[in-house]
Amino acid sequence: MSPRTVDILLPLGLDAPYSYAVPEGMDLVPGDLVHVPLGTRGMVGCVWPGRGAAAPVDPAKIKSVKARLDYERLPPDLLQLIDWIADYTLAPRGMVLRMALRHGESPGVARERVGVRATGKSPGRMTAARHKLMDLLADGFVRGKGEAAREAGVSPSVVDGLVDDGALETLVLPPAPAAERPDADHAAPQLSDAQEDAAAILRAAVAARTFAVHLLDGVTGSGKTEVYFEAVAAALKAGRQALILLPEIALTQAFLDRFTLRFGVRPAEWHSAVGTKRRARILQGVAEGEVRVVAGARSALFLPFPDLGLIIVDEEHDPAYKQEDGVAYHARDMAVVRARLCGAPIVLASATPSIETEVNARRGRYRRLALPERFGGAKVPGLAPIDLRKEGPPRGRWIAPRLAEEIAQTIEDGGQALLFLNRRGYAPLTLCRACGHRMRCPSCSAWLVEHRFRRRLACHHCGYQAPVPEACPGCGAKDSLMPCGPGVERLQEEVQTLFPAARSLVLSSDLTGGVERMRAELDAVARGEVDVVVGTQLVAKGHNFPGLALVGVVDADVGLGHGDPRAAERTFQLVHQVAGRAGRGAAEGRGYIQTHMPEHPVMQALVKGDRAAFYETEIAARQEAHLPPFGRMASLIVSATDAASAERHARQLAACAPRVEGVRVLGPAEAPLAVLRGRHRWRLLARAPRAFDLSAYLRAWRAAAPRATGNLRVAIDVDPLSFL
Ligand SMILES: Nc1ncnc2c1ncn2[C@@H]1O[C@H](COP(=O)(O)OP(=O)(O)OP(=O)(O)O)[C@@H](O)[C@H]1O
Ligand SMILES: [Zn+2]
């Protein structure tokens, strides 16, 4: 008799599952995680819904499943999500599975917790410390050993002494929970009328247990968080799980505090800075339904919630939701897919919705919940333009006189100022005064950025770093290298020169000290311990700085004009969000944007505070050009270590693109970032009508294309956000 077999998908670069034999007495269902032999090693794989897809295996060669992991099972909607993402992005199914298993190592045996309890026998000898401890434990309750010592204010050895004495007994306590239960009623806020209207709709949506997308569209500071917390509370009361996606760890920290104020405990936290042990524990807690609310980065989307009743995507417009490497997916879009698969409502929150989301709301596919005013009556600050052509700063400086005066006034009034410049480091370019040599990355077509705090030149694309050389590598001249253009570090230098008494701080993602330091510094700003903050896009995101009165956008033109179809949208979102940090507390907020093109529609919309005008213009432009969401796009990047083979393969690829009406293939052309990490890059772009199945087209194309051999790679990105 041939053995029973089962399809197992392995977390490798493979699309199809393998067939394995099921040992006698083992029952497996799709979603079960199993240990299977593979080559000389073993591996954890996932039992996949059998569609007869697995290749028939010679029964003589078939291997058996070794064991089933009993702490976790992937729920059906997660298996479907993995299939869906693999089909949509063309990534191998196994690689998508890997995102759900990446942290799937066994949580191991939880360290035993020992508790103590009074036995009723009096200690043979009494001391002051023993007295304190016996008093504490006189209530007969069990306490953790460390906890008892701490509460009584005695050393742990006193506990041990009384155990030896027989006055206390030890017992093993159950393991601590992965996360404590949030209390839906812990501190429910008094909502404004607009907030209550939106919250009521969300509570009803959670109760309805059906898929629906809501756009929580509220101006900066309108209290969107409090509103979607009501939806979370409703999910908790219904006994279901909730997932809150956030774009940035820096944001997560302040968020966790707010969650704690509302629900009494912290949510389970999920992102790359959480240790692997802890992650394994949370994963298990989620799978067992013990963890009710997870707040996390995009990868939290792949957690095995058995009973997901709500998904929130905060700051839904944030490009950080797009993963570019490996499986190229957009976490916001895939969150919508997961909500649909598990029949749950999803809330997309933003003050500056993405064009895609805005169009969906206008078409009525997403339900818009509007919060048009700030909570508590504060005003969203106005933005005044500073025309750099007419009233720019002197050479070698970046803060225009008018902005400088405003900063001085703000500091005098006891307020805080924020200068925004989306450029990390000291200077974006280093140039030799003698020969004109420019310092460039040895493995990318990019300039090296000087980081003066670290005294190094760094490549922002590949991470290459080197000390700043004493002599020019081009001509050998000494001390001839000079910085060109500003970064946040250089801007801070200017702040220190202009306002020597002011306390200034640079906030940027590449500061040493990691999350802890970032968190401490954000807190310091919120407490008003800094007068002038100089920050990159890190400061644009959702922070609440009550003392912040003035925002100056140092160069609003940075992101415009790179042939990137999303440049206008990005600029609008960033500047609007940065400005939205001001005037949230007592002081009224003001904002200035320095620009060379005040007549540009984006600048006009920002200055007039006319969000609708921006969406009108941008949506019309996208429609006209058949750009997303009015047309579909996919990019293909062909790369190789030598330029000629990358180009040759890109041309071959273009030649065998299936001819289908309505689909246009553009390129190949050398990518704007022509060399990255030593690999030469050529790009192709496929464009199709909106309703077209672009993924199917790409699959057919890939099947018709010559195989990429050697070190050739073809990276496919459906709905690309980056055009480098
Ligand atoms: N109902 C409420 N009761 C008390 N405080 C509130 C309430 N709603 C909002 N707030 C407070 O108002 C401030 C702004 O709220 P919140 O941060 O949620 O706004 P937001 O809409 O998320 O803004 P942004 O888009 O800028 O992130 C916070 O300090 C918040 O605690
Ligand atoms: Zn580089």
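This note walks through a few features of a predicted model, starting with a group of cysteines and moving on to a sheet and a pair of helices.

1. A good place to start is the set of four cysteines that UniProt, in an unreviewed entry, labels "binding site": Cys432, Cys435, Cys472 and Cys475. If you look along the sequence, they are spread over 44 residues. In space, however, they cluster, with a largest C-alpha distance of 8.5 Å.

2. Take Cys432 next. You will find this residue in strand β18, which covers residues 429–432. Cys432 counts as partly exposed because 19 other C-beta atoms lie within 10 Å, whereas a buried residue would need 20 or more.

3. What does Cys432 touch, once neighbours within four places in sequence are set aside? Its contacts are His437, Cys472, Gly474, Cys475, Ala477, Ser480 and Leu481. Among them, Cys472 and Cys475 also belong to the set that UniProt labels "binding site".

4. Now turn to Cys475. This cysteine sits in a loop, with β21 (465–467) on one side and β22 (481–484) on the other. Is Cys475 buried or exposed? Cys475 is exposed, because 12 other C-beta atoms lie within 10 Å and the exposed class takes in residues with 12 or fewer.

5. The contacts of Cys475, again leaving out neighbours within four places in sequence, are Cys432, Ala434, Cys435 and His437. His437 is also in the contact list of Cys432, so it is worth displaying His437 together with both cysteines.6. Elsewhere in the chain there is an open sheet of three strands, in the order β7-β6-β8, and the pairing is antiparallel. Which strands lie at the edges? They are β7 (143–144) and β8 (168–173), and each of these pairs on one side only.

7. Within that sheet, have a look at how β6 meets β7. Strand β6 spans residues 113–118, and two bridges join this strand to β7, with the two running antiparallel. In one of the pairings, glycine 115 has glycine 144 of β7 as its bridge partner.

8. Finally, there is a helix pair to see. Helix α3 (residues 128–137) and helix α4 (residues 145–152) have axes that come within 9 Å and cross at roughly 115°. That angle makes α3 roughly perpendicular to α4, and the crossing is right-handed.

9. Which residues meet where these helices cross? From α3 come Lys132, Leu133, Leu136 and Leu137. On the α4 side, their counterparts are Ala148, Glu151 and Ala152.

Technical notes. Residues are numbered from 1 along each chain as its sequence is written. Chains are lettered from A and ligands numbered from 1 in the order in which they are written. This is a predicted model: local features need pLDDT of at least 70, side-chain atom pairs count only at pLDDT 80 or more; totals for chains, interfaces and linings use all residues. UniProt positions are given in the numbering used here, feature names are shortened, and annotations may be inferred rather than shown by experiment. Helices (H or I, at least four residues) and strands (E, at least two) are DSSP runs, numbered from the N terminus. Two residues are in contact if their C-beta atoms, placed from the backbone, lie within 7 Å. Two strands pair if DSSP finds at least two bridges between them. Axes are lines fitted to C-alpha atoms, for helices over the stretch in contact, and angles run from 0 to 180 degrees between N-to-C directions. Angles under 35 degrees count as roughly parallel, over 145 as roughly antiparallel, 65 to 115 as roughly perpendicular and the rest as oblique. A crossing is left-handed if the near helix is turned anticlockwise from the far one by less than a right angle, and right-handed if clockwise.
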